[in-house]
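Here is a walk through one protein chain. Start with its sheet, then turn to the chain as a whole and to the confidence of the model.

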Amino acid sequence: MTKSEKAIHSLTRQINSGTWKVGEKLPVEEELSKLIGVGRNTLREAVAALEQQGVLRRMQGCGTFLCQDFSTLVRESVKSQEDAGDVHVFCTCYHSNLDADFYGRAILHDLSCRLAEKGRRLFMEVLAGRDQIQNKLIQMAGELKGGCIFINGLIPNDRELRFLASRKIPVVVLGRPSGKEPVACVGNDDAEEVRIGIRHLAEHGYRRIAMINGTSAFEKHYLVVDAYREVLGEYGMEFDPRLLGEAEPFCFNDAKNAARKLFEECPEIDALAVSGDRAILGALEIIRERGLRIPSDIGVFMFGELPWVQELAPVRLTGVRHDLHGMADRLLSLLNSLKNRSATEEDCVLLPPLFIPGRSCGCVPPPTHQNQGADMEKR
């Protein structure tokens, strides 16, 4: 963990423990750097990162203030029951610009709001990587009686799950654990995302529908491919393996290369469905290079819609996104249900995605070529 990451972690713990109230001014730089034990430059990096997240706000000539966005993280606990317990959330990458942070922030906000309504608190532990989980759990075992939630791809292994079970600490994971130990988990239904996307494109008359999804190394990749083939069959379209591309969802160049290969092998493609934020931007770059207009020349569908991606796209993208509010609800619901019992296979929940309408599939009449050119110039 870098000095900046440690500073962010220390500041976050101070905030979560209620050191400052929402709207309250933080100590001056010299005093704050001594409080968390870092130099001024490192402190400035940490404050800047938390300001970008909306946790802090710096006002020139006035100081740094705790914002309202995460007010529920610092509310005092008014426990209705003596053994209610606080909930600890373990995550990674929370202070970076990865899309996982967008999901993580939204889920954390919902979790903290729901816990505060019940007089409980949420504490967040940011780990640089999964190799730190075991030591952290051993150190904090006495503080975790209220339960643990793991998000942002931080998934405990079987040994860690057995340790938590031996201490009667309930645990829920956001994601799909691959170990043998039973664990409650909440995930997104990736196969259903594909069904929604391919059906939508087929309903709009597209017949040569290509798809760029995650790599075959992903454990459940075959479920996504099966869903793609299933929907093609529903609409009487033959499966063509040349229309399937693989790319890391968060890699611009990987998706760009995959899209280029698809168009070179099948230039008659009339629609493209892509998974991942940076992946869709890479695919859009190839569409632009080939001079194709959206949606008049090609329809586009995005799996995993994010606001910042929409701002960079030439038109409003049609797609699906994860049900973040639903995920927060199910995480807490499962955690509460595990207080007096062990996890079973039935405690693994896949939530259906939410459909996001846009203009990239012809959902609304496409603009004239002249107007579309003008729109592109404005962007």
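**The open sheet**

In this predicted model, six strands build an open sheet with parallel pairing, in the order β4-β3-β5-β6-β7-β13. Its edge strands are β4 (122–126) and β13 (348–351), each of which pairs on one side only. From one strand to the next, the twist averages 20°.

Look at one edge in detail. Strand β3 (residues 87–91) pairs with β4 in the parallel sense, over five bridges. One residue pair helps to locate this pairing: V89 has M124 in β4 as its bridge partner. Strands of a sheet pair through backbone hydrogen bonds, either parallel or antiparallel.

Now step back to the whole chain. It holds 13 helices and 14 strands. The chain has 379 residues, and 50% of them count as buried. About 18,200 Å² is exposed, with carbon and sulfur atoms supplying 49% of that area. What share of the contacts between residues at least 6 apart in sequence joins residues at least 24 apart? The share is 71%.

Confidence comes next. The mean pLDDT of the chain is 83, and 87% of the residues reach 70 or more. Among the elements, strand β11 (residues 299–303) has the highest mean pLDDT, 96. Helix α13 (residues 369–378) has the lowest, 40.

Two stretches call for caution. Over residues 68–83, pLDDT stays under 50, and the model has 39 contacts beyond four places in sequence for them. Over residues 365–379, pLDDT also stays under 50, with 15 such contacts. Where pLDDT is low, the predicted coordinates should not be read in detail.

Notes. Residues numbered from 1 in each chain as written. Predicted model: local features only at pLDDT ≥ 70, side-chain atom pairs only at ≥ 80, totals over all residues. Heavy atoms only, no water. Pairing = 2+ DSSP bridges. Helix = DSSP H or I, 4+ residues; strand = E, 2+ residues; numbered from the N terminus. Axes fitted to C-alpha atoms, helices over the stretch in contact; angles between N-to-C directions. Buried < 20%, exposed > 50% of the residue type's maximum accessible area, 1.4 Å probe, protein only. Contact = heavy atoms within 4.5 Å. Areas by Shrake-Rupley, 256 points an atom, 1.4 Å probe, with all protein chains shown as cover. pLDDT = per-residue confidence, 0-100.
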